[in-house]
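Please open the model in your viewer and keep the sequence panel beside it. The tour below proceeds by selection, and each stop states what is to be found there.

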Number of protein chains: 2
Amino acid sequence: MADQSKIIRSGGLTWSDIPRKYYKNSTTGFKGIARWVLLGERDDEQALNIQTRYFEIAAGGYSSLERHHHPHTVVVIRGRGRMILGNQLEELNLFDTIYIAPKTIHQFHADGAEVFGFICIVDRYRDRPEVPDSPETLEKWISDPEVRRFAKI
Amino acid sequence: MADQSKIIRSGGLTWSDIPRKYYKNSTTGFKGIARWVLLGERDDEQALNIQTRYFEIAAGGYSSLERHHHPHTVVVIRGRGRMILGNQLEELNLFDTIYIAPKTIHQFHADGAEVFGFICIVDRYRDRPEVPDSPETLEKWISDPEVRRFAKI
């Protein structure tokens with residue numbers, strides 16, 4: 001199918017013809033998070049080497065704690081939250097932009113009273129994330145005990 | 001320089017350490033538009049194959065009318081505007097997402113009373129845009145006379 005330009009209309013952080021998806025097919029290590037793949041996975045978008053996704057985390061939710069070789073570009077477009085980025089715990093506000101370099105451990109948390117949403121841009125073809133398989137692995141990944149206590153696995 | 005994860009703090013659609021840039025070095029064909037390269041052009045972001053830019057157009061302004069082989073992923077994050085996309089004139093509202101396929105002619109217009117801003121994601125290494133060099137070329141590029149009248153070159 002040849003690529004065709006198109007506009008995906010938004011109705012306020014939902015998009016026509018783009019389904020709200022489960023975050024992942026596995027069942028543990030995350031909570032209250034949904035995923036929309038806006039562009040870069042369909043057959044009529046073959047020229048795109050880039051996937052642009054929108055993630056939304058309900059208050060109290062979090063993404064999986066993970067690391068991988070592919071880098072992430074993240075732009076906050078709704079609300080605020082916090083994240084584990086390597087050995088740090090960081091606050092995130094609207095339009096903050098995050099570079100997650102290869103192999104940096106990361107986890108997003110909607111730990112306030114509001115929904116937290118961000119765009120996350122990745123290579124279309126990329127490696128699978130690695131998650132800690134035990135508390136011992138977590139201890140190797142995150143040396144700061146306070147940050148480690150904040151982590152959810 | 002090894003890549004390091006980082007957070008680029010926003011102060012409401014401006015970002016710490018990210019300069020507001022001229023849109024282009026050429027002097028014609030656009031008006032009232034500024035550019036921020038959020039991620040993907042610096043030495044400590046070598047792993048990124050992706051550039052994430054923010055463009056902002058003042059009321060009455062427009063980007064250059066152009067086409068190129070590399071595709072664009074665009075997400076509106078401020079205000080509203082219109083665009084020429086191929087042979088169509090399209091309205092754009094907050095969070096609308098646009099796929100500009102290879103070689104599709106496009107131009108963004110802030111033709112309302114407000115500032116119009118969008119994220120535009122591209123391959124880090126890409127071809128240079130082509131612009132129409134004459135009214136005759138424009139006529140070849142855009143067959144619809146009404147859309148052509150809206151175009152600025």
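Select strand β5 (residues 72–78) of chain A together with strand β8 (residues 97–100) of chain A: the two run antiparallel and are joined by 4 bridges. To find one of the pairings, display His72(A), whose bridge partner in β8(A) is Ile100(A). This is a predicted model, and the pairings shown here are computed from its atoms.

Keep β5(A) selected and add strand β10 (residues 116–123) of chain A. Here 5 bridges join β5(A) to β10(A), and these strands also run antiparallel. Display Val76(A) and look across to β10(A), where Phe118(A) stands opposite.

Is β5(A) largely enclosed by the rest of the structure, or open? Of the 7 residues of this strand, 6 are buried, so β5(A) is largely enclosed by the rest of the structure.

Now select the whole of chain A. It contains 2 helices and 10 strands. Colour the chain from the N terminus on, and the elements appear in the order β-β-β-β-β-β-β-β-β-β-α-α. The radius of gyration of chain A is 16 Å, close to the 15 Å that the globule rule gives for 153 residues, so the chain is as compact as a globular protein of that length. Along its principal axes, the C-alpha trace of chain A spans about 50 × 30 × 25 Å.

Two further values describe the interior of this chain. Of the 153 residues of chain A, 37% count as buried. Among the contacts in chain A with a separation of 6 or more, 65% are between residues 24 or more positions apart.

If your viewer can colour by confidence, apply that scheme to chain A. Its mean pLDDT is 92, and 97% of its residues reach 70 or more. The model scores ipTM 0.92 and pTM 0.93.

Next, show both chains. How many residues of chain B are in contact with chain A? There are 40, and they meet 40 residues of chain A. On chain B, the strands that each supply at least two residues of this side are β1 (6–8), β3 (31–39), β4 (50–62), β5 (72–78), β8 (97–100) and β10 (116–123). The largest share, 4 residues, comes from β8(B). By class, the side of chain B that touches chain A has 22 nonpolar, 11 polar and 7 charged residues.

Strand pairing also crosses between the chains. Select strand β1 (residues 6–8) of chain A and β8(B): 3 bridges join them, and they run antiparallel. Display Lys6(A) to find its bridge partner in β8(B), Tyr99(B).

With both chains still shown, consider how the copies are related. A turn of 180 degrees, with a shift of 0.0 Å along the axis, lays chain B on chain A with an RMSD of 0.0 Å. That is the relation of a two-fold axis. The same surface serves both copies, as 100% of the contact residues of chain B recur in chain A.

For the last stop, select Val131(B), in the loop between β10 and α1 (135–141) of chain B. Is Val131(B) buried or exposed? Val131(B) has 20 C-beta neighbours inside 10 Å, so it counts as buried. Leaving aside neighbours within four places in sequence, Val131(B) is in contact with Gly29(B), Ser64(B), Leu65(B) and Glu66(B). Finally, add Arg67(B): this residue is 64 residues from Val131(B) along the chain, and their C-alpha atoms are separated by 6.8 Å.

Notes:
Residues are numbered from 1 along each chain as its sequence is written. Chains are lettered from A and ligands numbered from 1 in the order in which they are written. This is a predicted model: local features need pLDDT of at least 70, side-chain atom pairs count only at pLDDT 80 or more; totals for chains, interfaces and linings use all residues. Two residues are in contact if their C-beta atoms, placed from the backbone, lie within 7 Å. Ala, Val, Leu, Ile, Met, Phe, Trp, Tyr, Cys and Pro count as nonpolar, Asp, Glu, Lys and Arg as charged, and the others, Gly among them, as polar. Two strands pair if DSSP finds at least two bridges between them. pLDDT is the predictor's confidence in each residue, from 0 to 100. Copies are superposed by least squares on the C-alpha atoms of residues with pLDDT of at least 70 in both. The radius of gyration is taken over C-alpha atoms; the globule rule is 2.2 Å times the number of residues to the power 0.38. A residue is buried if 20 or more other C-beta atoms lie within 10 Å of its own, exposed if 12 or fewer, and partly exposed in between; C-beta atoms are placed from the backbone.
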